[in-house]
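Student: Please show me the chain, and then we can go through it by question and answer.

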Amino acid sequence: MYNKNIKLVIAGLIIAYAVYQFIEGNIGNGIMLILLSAIFIFLYFKNEFILLAFLKLRKQDFEGATKWLNKIKTPESALVAKQQGYYNYLHGIMVSQTNMNESEKYLKKAVALGLNMDHDLAMAKLSLAGISLSKRRKQEATKLLSEAQKLDKQGMLTDQIKMMKENMKRAQAPNQHFGGHKQPRGGRR
């Protein structure tokens with residue numbers, strides 16, 4: 001994986017050659033080169049491996065998404081800060097199936113780096129609330145759940161938020177045992 005600034009250098013070189021083509025009178029070549037440089041500028045802000053991982057994740061192909069994300073060897077030098085957030089967000093979602101501690105680490109890092117879309121940030125906070133609830137940190141889970149509810153402006157996560165609140169109420173209720181302690185039947189004949 002190349003450094004993110006190489007894409008800008010390539011785009012700059014293509015734009016310089018496009019200007020040369022305009023000066024020479026080759027307008028069609030210049031326009032085509034400007035469009036080509038726009039692709040490199042787009043890929044500076046939207047990493048191609050993260051886009052491919054999102055496509056695989058949309059098809060529920062976790063192994064394929066992991067394969068594309070693993071192609072990014074050094075995310076700190078290869079990605080912009082928001083892309084690093086999505087890199088960690090995707091890793092957190094995929095690892096949540098197997099390892100909650102690892103998932104919590106990735107999701108917290110994603111929230112700290114920031115995500116562009118409010119519903120992605122809401123989903124990350126909802127996942128963190130679920131992890132906190134499973135670790136019996138109710139206060140942290142309540143805070144994260146209320147933040148997720150505020151961020152979910154389109155109402156895409158209302159069902160999941162309701163389920164999480166119900167789980168919190170169930171976890172809060174004490175276990176009640178009616179009828180006292182029963183003796184085993186074997187001793188009464």
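The questions below go from the overall fold to single residues.

Student: What kind of model is this, and what conventions apply?
Tutor: This is a predicted model in which local features need pLDDT of at least 70, side-chain atom pairs count only at pLDDT 80 or more, and totals for chains, interfaces and linings use all residues. Residues are numbered from 1 along each chain as its sequence is written, and side-chain values use heavy atoms, with hydrogens and water left out.

Student: How many helices and strands are in the chain?
Tutor: Helices (H or I, at least four residues) and strands (E, at least two) are taken as DSSP runs, numbered from the N terminus. From the N terminus on, the elements run α-α-α-α-α-α-α-α-α-α. The count is 10 helices and 0 strands.

Student: What percentage of the 189 residues of the chain counts as buried?
Tutor: Buried means under 20% relative accessible area, exposed over 50%, and partly exposed in between, with a 1.4 Å probe and protein chains only. By that cut-off, the buried part of the 189 residues is 34%.

Student: Among contacts between residues at least 6 apart in sequence, what percentage joins residues at least 24 apart?
Tutor: A contact means heavy atoms within 4.5 Å. For the chain, the share asked for is 55%.

Student: Where do the buried residues of H1 lie around its axis, and what do they pack against?
Tutor: Helix H1 covers residues 4-24 and reaches 31 Å from its first C-alpha to its last, close to the 30 Å expected at 1.5 Å a residue (the expected span is 1.5 Å times one less than the number of residues). Its buried residues are Lys4, Lys7, Ala11, Ile14, Ala18 and Gln21. They cover an arc of only 90° (taken from the directions from the helix axis to the C-beta atoms), which puts them on the same side of H1. Their packing partners are helix H2 (27-45), H3 and helix H5 (75-78).

Student: Which exposed residues does the face of H1 turned away from its buried side carry?
Tutor: In soluble globular proteins, nonpolar side chains tend to be buried together. On this face of H1, however, the exposed residues are Val9, Leu13 and Ile23.

Student: Which helix gives the largest share of the largest nonpolar core?
Tutor: A nonpolar core is a set of buried Ala, Val, Leu, Ile, Met, Phe, Trp, Tyr and Cys residues joined through side-chain atoms within 4.5 Å. The largest one has 36 residues, and those touching the most other members are Ile50, Leu69, Ile72, Tyr89, Leu90, Leu126 and Leu145. Elements giving two or more residues to this core include helix H3 (48-58), helix H6 (81-95) and helix H10 (158-172). The largest share, 8 residues, comes from H8.

Student: Is isoleucine 50 buried or exposed, and which residues is it in contact with?
Tutor: Isoleucine 50 belongs to helix H3. It is buried, with a relative accessible area of 5%. Leaving aside neighbours within four places in sequence, isoleucine 50 is in contact with Leu69, Ile72, Leu79, Gln83, Tyr86, Tyr87 and Leu90.

Student: Which parts does the pair of phenylalanine 49 and tryptophan 68 tie together?
Tutor: Rings of Phe, Tyr and Trp (its six-membered ring) pair if their centres lie within 6.5 Å; planes under 30 degrees apart count as stacked, over 60 as edge-to-face and the rest as tilted. The structure holds 5 aromatic pairs. This one is stacked, at 5.8 Å centre to centre and 25° between the planes. Phenylalanine 49 lies in helix H3 and tryptophan 68 in helix H4, so the pair ties together parts that are 19 residues apart in sequence.

Student: Which lysine has its charged end over the ring of tryptophan 68?
Tutor: A charge sits over a ring if NZ of Lys or CZ of Arg is within 6 Å of the ring centre and within 35 degrees of the ring normal. Here the distance from the ring centre is 5.3 Å, and the residue is lysine 67.

Student: Is glutamine 84 buried or exposed?
Tutor: Glutamine 84 is found in helix H6. Beyond its neighbours within four places in sequence, glutamine 84 is in contact with Pro75, Glu76, Leu79 and Leu113. At 12% relative accessibility, glutamine 84 counts as buried.

Student: Where is glutamine 60, and what is its phi near?
Tutor: Glutamine 60 is in the loop between H3 and H4. At 56% relative accessibility, it counts as exposed. Its phi is positive in a residue other than glycine, near 65°.
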